[in-house]
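Here is a short briefing on one structure, arranged by topic. Keep the sequence and the model open as you read.

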Amino acid sequence: MAEVTLEGISKAFGKTQAVSDITMTIADGAFVVLLGPTGAGKTTTLRLISGLEKLDKGQITIGGRNVGTETPAQRDVAMVFQQYSLYPHMTVRDNLAFPLRSPILKTPEAEVTEKVRRIAEVLQIPHKLDNKATELSGGEMQRVSIGRALVRDPSIYLMDEPLSSLDAKLRADLRVELKRIHADLGSTLLYVTHDQIEAMTMATHIGVLEEGRLVQYGTPREVYENPASIYVASRLGSPRINVLPSDLFAGSHKGPLIGLRPENIREGSEGVEARVIRSEHLGDQTRLHLELRGHAITTVIDAHEDYTADTTIKISPQAPLYFSADGARIF
Ligand SMILES: Nc1ncnc2c1ncn2[C@@H]1O[C@H](COP(=O)(O)OP(=O)(O)OP(=O)(O)O)[C@@H](O)[C@H]1O
């Protein structure tokens, strides 16, 4: 495993600046998640590191080596794509063993057998080892794809939304597995997702991308609690942060816009009056949709509490974040 550094890297496709002057260090053993909406430059960043795309500008090092002139194979990275990429005519066992049998690695067969067995167990597919890849469900194929990366011991794993095609239960199971594998192997991982739950639960660090630029890089907690902008604040947290004119609430304010996470709106005997539009029961919590002088607000309350529509309640802000009119964080 190795530290990976990106120093001022940029890449354009025609007029589209896909990646713009990104500088970041992925520490040895870190689990870094790149988060951003579609088109933000996440996949291009992975492809630049793996050597599948060529840099326009900047430098990438892996384990202290400038990899600018190295081929993808020489860079020693293992990549997992959103869509499975298996050899259909081979069995699951041979698909998993394939990377280990490469001319570069030439792993002894006994070690291949042992590694394949272990990975198949982690991915809950030992009973499928002798099936052809084409005889698997989509979810199973994707697990084999992930397994093909995990059997190796590369400098870094690059994963591009590897769980997005799986159903919710398998996704939740594999989130836990990936986190455990990361802890056990001490591997370095760069992981791309749209999914904020994956980002919050698995990452040691989150990098938020906006139109090819890295706009914040920190621990999940730092990014959640101390976002640099409305854009960053809106990437994490469900329901989303409420961004409202500050003057809806009494008191002195440190900026024109106030950002309130749903859990930071207290309802009680004090505060401004808001009207309940509806409540949604999610089992472990209740979401309350409110209206305050024409603005929609979402808050969360205890699962057992309830309010009927058109009730008036009083709310007051806790731990407010303040933003300028253009969305930059002020306080
Ligand atoms: N090979 C290419 N040719 C032309 N434009 C490209 C190419 N690859 C990416 N782009 C453009 O570069 C920008 C960044 O794309 P990229 O795939 O890195 O985004 P992303 O954040 O991974 O998005 P998604 O979440 O949809 O995968 C987009 O505007 C995309 O259309």
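Strand β7, residues 156-160, is mostly covered, with five of its five residues buried. Keep in mind that this is a predicted model. The points below start from β7, move to helix α4 and end at the ligand.

**Strand β7 and its partners**

- Both faces of β7 are covered. Ile156, Leu158 and Asp160 are buried on one side. Tyr157 and Met159 are buried on the other.
- β7 pairs with strand β6, residues 77-80, in the parallel sense. Four bridges join the two strands.
- In the β6 pairing, Val77 is the residue opposite Ile156 of β7.
- β7 also pairs with strand β8, residues 189-193. This pairing is parallel too, over four bridges.
- In the β8 pairing, Leu190 is the residue opposite Leu158.

**Helix α4**

- How far apart should the ends of α4 be at 1.5 Å a residue? The helix has 14 residues, 109-122, so the expected span is 20 Å. Its end C-alpha atoms lie 20 Å apart, in agreement with that value.
- Which residues of α4 are buried? They are Lys115, Val116, Ile119 and Ala120.
- Viewed down the helix axis, the buried residues of α4 fall within an arc of 130°, so they line one face of the helix.
- The cover over the buried residues of α4 includes α3 (92-97) and α5 (138-150).
- On the other side of α4, Ala110, Glu111, Glu114 and Glu121 are exposed.
- Gln124, just after α4, has a positive phi of about 60°.

**The shell around the ligand**

- Which residues surround the ligand? They are Phe13, Thr16, Ala18, Gly36, Thr38, Gly39, Ala40, Gly41, Lys42, Thr43, Thr44 and His194.
- Two elements give two or more residues each to this shell: β2 (16-26) and α1 (42-50).
- Helix α1 supplies the largest share, three residues.
- How does the shell divide by residue type? Eight residues are polar, three are nonpolar and one is charged.

**To recap**

- β7 is buried on both faces, and pairs in the parallel sense with β6 and with β8.
- α4 has buried residues along one face and exposed residues on the other side.
- The ligand shell draws its largest share from α1.

Notes:
Residues numbered from 1 in each chain as written. Predicted model: local features only at pLDDT ≥ 70, side-chain atom pairs only at ≥ 80, totals over all residues. Near = placed C-beta within 6 Å. Nonpolar A, V, L, I, M, F, W, Y, C, P; charged D, E, K, R; others polar. Expected span 1.5 Å × (residues − 1). Buried ≥ 20, exposed ≤ 12 C-beta atoms within 10 Å, placed from the backbone. Arc of directions from axis to C-beta. Contact = placed C-beta atoms within 7 Å. Pairing = 2+ DSSP bridges.
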